Amino acid sequence: MVVYVFSKSILLNCISLNTILNSIYDWSCSNRLKLNPLKSKVMHFKSSDLKVQHPNLYIGNEPIEEVLTIKYLGLTIQNNLKFDKHLQNLTTT
């Protein structure tokens, strides 16, 4: 499952995402499904290489790891919206 949230405010993004993740977590618990926070990742998309501290996101009480790149449906996605890592993966495999 992928959840996207957009706002110009990092804090509003994180608050919205935590609210959505809590709803998903509550729904999954009530339907006897288990979400694994260790297999969940968060990526904050940005157009620059500025280092910004983001508030933590959680599934239940477990923090979710923030990543800079992730592979999704065969595409390597980077948080800076560039494709050099994807092209690098294509040429090395």
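Let's start at L81, which sits in the loop between β6 and α2 (84-92). This is a predicted model, so treat what follows as a walk through a computed structure. L81 has a positive phi of about 65° even though it is not a glycine. Most residues other than glycine have a negative phi. L81 also counts as exposed, at 54% relative accessibility.

R32 makes a good companion to L81. Like L81, R32 is not a glycine, and its phi is positive too, at about 60°. You'll find R32 in the loop between α1 and β1, where it counts as exposed at 81% relative accessibility.

Back at L81, look at who shares the surface with it. L81 belongs to a nonpolar surface patch of about 740 Å², together with V2, Y4, F45, I70, Y72 and L73. L73 is in the loop between β5 (69-72) and β6 (75-78), and with a relative accessible area of 77% it is exposed. So both L73 and L81 are exposed, because each is over the 50% cut-off.

Now zoom out for the overall plan. The protein chain has two helices and six strands. Reading from the N terminus, the elements go α-β-β-β-β-β-β-α. The C-alpha trace spans about 45 × 30 × 20 Å along its principal axes. The chain has 93 residues, and 24% of them count as buried. Its accessible surface comes to about 7400 Å², with 58% of that belonging to carbon and sulfur atoms. As for how the chain folds back on itself, take the contacts between residues at least 6 apart in sequence: 51% of them join residues at least 24 apart.

What makes up the largest nonpolar core? It has seven residues, namely C14, L17, L21, V42, L57, I59 and I64. Helix α1 (residues 10-30) supplies the largest share of this core, three residues. Pick L17 as a way in: setting aside neighbours within four places in sequence, L17 is in contact with V3, V5 and L57. L57 is itself one of the core residues.

Right beside L17 in sequence is N18, which also lies in helix α1. Is N18 buried or exposed? At 18% relative accessibility, N18 counts as buried, because the cut-off for buried is under 20%. Beyond its neighbours within four places in sequence, N18 is in contact with N56, L57 and Y58. There's a polar link here as well: a polar atom of the N18 side chain lies 3.0 Å from the backbone nitrogen of Y58. L57, then, is in contact with L17 and with N18.

Next, hop over to strand β6 for two more buried polar residues. T76 is in strand β6 and is buried, with a relative accessible area of 7%. Apart from neighbours within four places in sequence, T76 is in contact with T69, I70, K71, K85, H86 and N89. The N89 contact includes a polar one, with the two side chains joined at 2.8 Å. For a sense of distance, T76 and N22 are 54 residues apart in sequence and 27 Å apart in space, C-alpha to C-alpha.

Q78 lies in strand β6 too. Q78 counts as buried, at 5% relative accessibility. Its contacts, again leaving out neighbours within four places in sequence, are M43, F45, L68, T69, F83, D84, K85 and H86. With D84, the Q78 side chain makes a polar contact to the other side chain at 3.1 Å. T69, K85 and H86 turn up in the contacts of T76 and again in those of Q78. F45, meanwhile, is in contact with Q78 and is part of the nonpolar surface patch.

Finally, the charges. How many salt bridges does the structure hold? The count is one salt bridge. The side chains of E65 and K41 form it, at 2.9 Å from N to O. E65 lies in strand β4 (residues 65-66) and K41 in strand β1 (residues 41-42), so the pair ties together parts that are 24 residues apart in sequence. E65 is partly exposed, with a relative accessible area of 45%, and K41 is partly exposed as well, at 36%.

Notes:
Residues numbered from 1 in each chain as written. Predicted model: local features only at pLDDT ≥ 70, side-chain atom pairs only at ≥ 80, totals over all residues. Heavy atoms only, no water. Patch = residues over 30% accessible without salt bridge, like charges linked within 9 Å, V, L, I, M, F, W, Y side chains within 5 Å. Areas by Shrake-Rupley, 256 points an atom, 1.4 Å probe, with all protein chains shown as cover. Salt bridge = Lys/Arg side-chain N within 4 Å of Asp/Glu carboxyl O. Helix = DSSP H or I, 4+ residues; strand = E, 2+ residues; numbered from the N terminus. Buried < 20%, exposed > 50% of the residue type's maximum accessible area, 1.4 Å probe, protein only. Contact = heavy atoms within 4.5 Å. Polar contact = N/O pair within 3.5 Å; in protein donor to acceptor, adjacent residues only side chain to side chain. Core = buried A, V, L, I, M, F, W, Y, C linked by side-chain atoms within 4.5 Å.
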